[in-house]
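Visitor: Got a minute to walk me through this one? I'd like to start with the ligand.

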Amino acid sequence: LAEAEGARSWTYAELWRDVERLAGELAARGVRPGETVVFQLFNGPEFALTWLAALRLGAVATPINFRLSAGETAHVLDDSLPAAFIFDAELGAQAREALALASHAPDWTAVVGEDFDALLASDAPPPPLPDRDIYGETTRLYTSGTTGLPKGVSLNDAVEVMSAHDVIMHFPLAPDDRTLNMTPWFHRGGLYSGGPNPVFYVGASAVSLRAFDPARVLDLVAERGLTFLVGAPTNLAMLAEEQRRAPRDLASLRGIVTMGAPLEREACLLYQEVLTPRIFNGYGTTEAFWNTFLRPADLPAHAGSAGRACTDDDVAVEAAREDGPADPSDLVDRDGATIGEVIVRSVKSGYAYVNNPAEQAQRFRDGWLYTGDLATWDADEYVTIVGRKDDMIISGGENVHPAQVEEVLNEHPGIRDSAVVGLPDPRWGEL
Ligand code: AMP
């Protein structure tokens, strides 16, 4: 593990030593197995250490979006009832406001950039290894669902392992790889898509970058010998723009992997030409990780699609009916034209929403996850995502719920009512 901004780096032996210390200190401060540790951090070593230490202790690692408003963070604190809340000094004002708004008070807080290093200087003994089965909750990721407010998706050890295996199989990712995931690690696409989860599982190297900057990323490829870059289509658009402006040597790359929003055909072909011929596209959700994968061998013929089902997954396009119960055997024709809803059955899926049985029952049915994404599939089962059943906007790979934006707009004294819709945008996907 190495940070892009400075000289700090960790071998696996050093990482284990610091994780043991941090887990020992969390335990000494009263965090018990099964309790949650919420952390609101930028990509960086402290994120990785906190995530690993929570897993080591048997606590539930709960990384949250650093762009949440204070009210949304307060909602997460009240939903997850963490024993500890760790945040970055740069987010101090919002985090403190969230603590004031929340009904639940974590037992303690720590601030990266202020007192976090004291946790690492601990001489507390490492806690016993966690005593939970593979279905015990390990990581909780908050995602905005159709109802708008962030809801927690419970992941377990089986999901952690199968998600790592998936990336290792599909890139493939090996111990001599060196990845940089350009997206926020609190997302499924950050932590799991070539981020800390598979990298640490296979014994490869991760370079952390606190804030995305296309010029810096391109410089880092040669400086650090990066083999995989991972990001949303918006990241790739900005990389391509920068590479055309000032070409860098990208010969060390074995691939650039994108996910989080549709990768259009023209864009995909352009990135092959400007960045690397080895472009990958994974389609998925916070709930189930990615479930279809487009690989370089599929190009250029299938550019614009999201590829085919991942090795361990069942993916189908169901005849999305407004009325009547969903039926996973009622599929649309594989004609590349008829639109239906993507449903997936995956060993990488969490199958529970925290404190939200109604949405859980709605989205998870008979072992299938109903994604709400509309797609076509062709005779060879290449899936192309065409939109969403609900009105969610995807901008730069981030989900934006019109209802949440309208709520903020409507608070303005000069606005009586508002309606928010997404517009196509070449850089952000939607605006
Ligand atoms: P999230 O749970 O925040 O990761 O958002 C998941 C949503 O992002 C999916 O339901 C899709 O609408 C969209 N998405 C993710 N990956 C892709 C992709 N490769 N192509 C098209 N849409 C995607």
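**Ligand and cores**

Guide: Sure. An oxygen atom of the ligand sits 2.5 Å from an N or O atom in the side chain of Asp 373. Keep in mind that this is a predicted model.

Visitor: And how far is a nitrogen atom of the ligand from the side chain of Asn 281?

Guide: A ligand nitrogen is 2.9 Å from an N or O atom in that Asn 281 side chain. There's a backbone case too: a nitrogen atom of the ligand lies 3.4 Å from a polar backbone atom of Ala 261.

Visitor: How much of the ligand's accessible area does the protein cover?

Guide: On its own the ligand has 500 Å² of accessible area, and the protein covers 91% of that.

Visitor: Which residues are closest to the ligand?

Guide: Gly 260, Asn 281, Gly 282, Thr 286 and Asp 373, out of 15 that surround the ligand. By type, the shell has five nonpolar, eight polar and two charged residues.

Visitor: Which element gives the largest share of that shell?

Guide: Strand E12, with five residues. E12 spans 279–285, and strand E19 (383–388) also supplies at least two.

Visitor: Switching topic: which residues touch the most other members in the largest nonpolar core?

Guide: Val 31, Trp 51, Ile 86, Phe 171 and Trp 290, in a core of 79 residues. Helix H2 (residues 45–57) gives the most to this core, nine residues.

Visitor: What does Ile 86 touch?

Guide: Leaving out residues up to four places away in sequence, its contacts include Val 37, Phe 39, Leu 41, Trp 108 and Phe 116. There's also a second, separate core of 28 residues, with Leu 226, Leu 239, Ile 256 and Leu 294 among them.

Notes:
Residues numbered from 1 in each chain as written. Predicted model: local features only at pLDDT ≥ 70, side-chain atom pairs only at ≥ 80, totals over all residues. Heavy atoms only, no water. Core = buried A, V, L, I, M, F, W, Y, C linked by side-chain atoms within 4.5 Å. Buried < 20%, exposed > 50% of the residue type's maximum accessible area, 1.4 Å probe, protein only. Helix = DSSP H or I, 4+ residues; strand = E, 2+ residues; numbered from the N terminus. Contact = heavy atoms within 4.5 Å. Near = heavy atom within 4 Å. Polar contact = N/O pair within 3.5 Å; in protein donor to acceptor, adjacent residues only side chain to side chain. Areas by Shrake-Rupley, 256 points an atom, 1.4 Å probe, with all protein chains shown as cover. Nonpolar A, V, L, I, M, F, W, Y, C, P; charged D, E, K, R; others polar.
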